[in-house]
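Reader: I'd like to go through the labels on this structure and hear the reasoning behind each. Can we start with how the helices sit together?

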Amino acid sequence: MTVKTKAPPKVRVTEADFETLAAIGRASRTPMPGLDLLLDELERSSIVAGPDRKKPFVRLGSRVTYRDVSLMRERTVRVGLPGEANVDENRISVLAPIGAALIGLSAGDVFRWIGADERTREIEVLAVED
C-alpha cells in the first residue's frame, strides 16, 4: 500500500530577503537547530518581485499568527534576524526552527518537518501581516 504525503507548500521570498538569508547561512559557523532547515527552504524557494506579491507571505519583519498543530496552540510572532530575537516581545529569529519554517509561507499553508529531537513538527499559518 502506498502512503501519500502532501507536498510541502511553496516558499516565496523577495530578492532582498533571499540575499540576506543566504548571507546569514554562509556566515553561520556554529550549528543551530534552524540553520539546516532555513538553508533547505531557501534551496526550494521562488524569488518573487513586486507585482507577484499579491498574496502576503512571511518575510523578514512579518508578523505571523500560526498554530502548532501537535500542541494545538496558537502564537503570534514577528520573524526577524538573529540579533532581533526577543522572547519577551514575541520576536523570533530565522535561525530558530519555527522562524526558518515560517519564512515564505502564506496563510493556510501547513508545513511539516523533523526537528533536531527526531520528532515531527507541524505548523499551520493562520495570518500574515507585512
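Reader: Why are α1 and α2 called oblique to each other?
Author: This is a predicted model, and in it helix α1 (residues 15-27) and helix α2 (residues 35-43) pack at an angle of about 140°, with their axes 10 Å apart. Roughly antiparallel would take an angle over 145, and roughly perpendicular runs from 65 to 115. The pair fits neither label, so α1 and α2 count as oblique. Their crossing is left-handed.

Reader: Which residues in α1 meet which residues in α2?
Author: From α1 you have Phe18, Leu21, Ala22 and Gly25, and they meet Leu35, Leu38, Leu39 and Leu42 in α2. Sorted by class, that contact has seven nonpolar residues, one polar and no charged ones.

Reader: What makes Gly25 polar here?
Author: Just the sorting rule: Gly is put among the polar residues.

Reader: Which residues touch the most other members of the largest nonpolar core?
Author: Val79, Leu102 and Ile123, out of 26 residues in that core. Elements giving two or more residues to the core include α1, α2, β4 (73-80) and β7 (120-129). Beyond four places in sequence, Val79 touches Val58, Leu60, Ile92 and Leu102, among others.

Reader: And how do you know whether Arg78 is buried, exposed or partly exposed?
Author: Arg78, in strand β4, has a relative accessible area of 33%. Buried needs under 20% and exposed needs over 50%, so Arg78 is partly exposed.

Reader: How far apart are Arg78 and Arg91 in space?
Author: They are 4.6 Å apart, C-alpha to C-alpha, with their positions 13 residues apart in sequence counted as separation. Arg91 is also one of the contacts of Arg78, along with Gly61, Ser62, Arg63, Asn90 and Ile92.

Terms used. Residues are numbered from 1 along each chain as its sequence is written. This is a predicted model: local features need pLDDT of at least 70, side-chain atom pairs count only at pLDDT 80 or more; totals for chains, interfaces and linings use all residues. Side-chain values use heavy atoms; hydrogens and water are left out. Axes are lines fitted to C-alpha atoms, for helices over the stretch in contact, and angles run from 0 to 180 degrees between N-to-C directions. Helices (H or I, at least four residues) and strands (E, at least two) are DSSP runs, numbered from the N terminus. Angles under 35 degrees count as roughly parallel, over 145 as roughly antiparallel, 65 to 115 as roughly perpendicular and the rest as oblique. A crossing is left-handed if the near helix is turned anticlockwise from the far one by less than a right angle, and right-handed if clockwise. Contact means heavy atoms within 4.5 Å. A nonpolar core is a set of buried Ala, Val, Leu, Ile, Met, Phe, Trp, Tyr and Cys residues joined through side-chain atoms within 4.5 Å. Buried means under 20% relative accessible area, exposed over 50%, partly exposed in between (1.4 Å probe, protein chains only).
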